[in-house]
Amino acid sequence: MHSVISGPSAIRTPQDDYAVSAEFYDVLQGRQDAIRVGDLYGEDVRNARLGVLDVGAGTGRVTLMCLDESRVGVHAVEPSRAMRTPLMSRLASLPAESRARVTVHCETLDEADLHEVADVAICHNTLAGLAPAARRTLWPALARALVPGGSVLLQLPPAHLPREETVRVFPLQRIGRHEYGGRMVMSAFGGRIRTRFDYWVCGAGRVLREHTETFWMWPTSRAEVTGELERHGFVRLPERDDPTVLVMALGKHW
């Protein structure tokens with residue numbers, strides 16, 4: 001098999017920040033996250049009547065839940081090639097009917113330029129990693145992608161910097177003869193949150209390989225996110241039981 005490239009791609013391909021984590025995410029966190037997204041967003045997805053928009057689709061946990069819980073079209077937006085690869089593999093294994101309902105966009109939402117494609121939008125585990133300028137670029141693109149009256153569910157970033165270094169160790173997972181482990185270390189650094197992921201693979205009583213990848217998060221309060229959305233025509237909806245999720249709707253006359 002040979003690859004044939006007829007000309008330069010019009011799609012911008014930035015450096016992929018998830019090149020390491022993409023291998024380990026589903027192994028160490030995927031099962032728990034699949035349960036969580038169903039609990040947080042499942043009812044809204046079941047009530048969708050036009051379409052669902054998954055902003056920052058990652059490896060596809062929200063996207064697959066949307067396909068399982070609804071019969072509407074799904075738009076999955078994921079600019080990271082490393083994260084998009086397992087998403088595409090998952091979609092390829094689905095029945096033709098399900099594949100026909102999902103469109104994967106390999107750029108950011110503002111670059112995808114979607115117009116009134118959904119009445120429900122979900123932004124899970126994504127907002128914290130957007131710098132303020134990128135976050136503010138997201139809101140008008142989100143308003144364009146939703147129909148008037150459509151709702152958006154956002155998992156909020158941390159509201160404050162951590163006072164001290166915090167460590168979360170992921171449960172060990174065994175695949176064949178190898179054991180996979182990892183931890184997340186969060187610390188304050190210059191007004192941002194440095195989030196370092198350490199991964200390792202062990203076998204035969206020794207460490208076979210180790211990897212580290214660092215991400216940055218920007219702490220933002222609920223009030224700040226709400227205010228930014230309101231300036232783009234969104235209105236508040238009743239708060240959910242989970243305080244980490246903000247729900248707003250696009251005004252019907254926006």
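In which helix does Val 37 lie? Val 37 lies in helix α1, and the paragraphs below start from the whole chain before returning to that helix. The structure is a predicted model, in which local features need pLDDT of at least 70 and side-chain atom pairs count only at pLDDT 80 or more, while totals for chains, interfaces and linings use all residues. Residues are numbered from 1 along each chain as its sequence is written, and side-chain values use heavy atoms, with hydrogens and water left out.

The chain contains 7 helices and 11 strands. Here helices (H or I, at least four residues) and strands (E, at least two) are DSSP runs, numbered from the N terminus. The C-alpha trace spans about 65 × 55 × 40 Å along its principal axes. For 254 residues, a compact globule would have a radius of gyration near 18 Å, and the 19 Å of this chain agrees with that. The radius is taken over C-alpha atoms, and the globule rule is 2.2 Å times the number of residues to the power 0.38.

Of the 254 residues, 46% count as buried. Buried means under 20% relative accessible area, exposed means over 50%, and partly exposed is in between (1.4 Å probe, protein chains only). Contacts, meaning heavy atoms within 4.5 Å, often link distant parts of the sequence: among those between residues at least 6 apart, 65% join residues at least 24 apart.

Helix α1 covers residues 21-46 and includes Asp 26. Val 37, in helix α1 too, has a relative accessible area of 0% and is therefore buried. Beyond its neighbours within four places in sequence, Val 37 is in contact with Gly 42, Arg 61, Val 62, Met 65 and His 124. Met 65 is 28 residues away from Val 37 in sequence, yet their C-alpha atoms are 7.7 Å apart in space.

Asp 26 counts as buried because its relative accessible area is 18%. Its side chain makes a polar contact with the side chain of Arg 61, at 3.3 Å. A polar contact is a pair of N or O atoms within 3.5 Å; within protein, one must be able to donate a hydrogen and the other to accept it, and residues adjacent in sequence count only if both atoms are side-chain atoms. Not counting residues up to four places away, Asp 26 touches Arg 31, Thr 59, Arg 61, Pro 86 and Arg 90.

Another aspartate, Asp 119, sits in strand β4 (residues 118-123). What does this buried residue lack? Asp 119 has no salt bridge, and the nearest side chain of opposite charge, Arg 49, is 6.6 Å away. A salt bridge is a side-chain nitrogen of Lys or Arg within 4 Å of a carboxyl oxygen of Asp or Glu; Lys and Arg count as positive and Asp and Glu as negative, with His and the chain ends not counted. A polar atom of the Asp 119 side chain does lie 3.3 Å from the backbone nitrogen of Leu 50.

Strand β7 (residues 178-189) holds Ser 187, which counts as buried because its relative accessibility is 16%. Its C-alpha atom is separated by 4.6 Å from that of Glu 165, 22 residues apart along the chain.

Finally, the count of disulfides, pairs of cysteine sulfur atoms within 2.5 Å, comes to 0. Why does Cys 106 form no such bond? The closest cysteine sulfur, in Cys 123, is 18 Å from the sulfur of Cys 106, which is too far.
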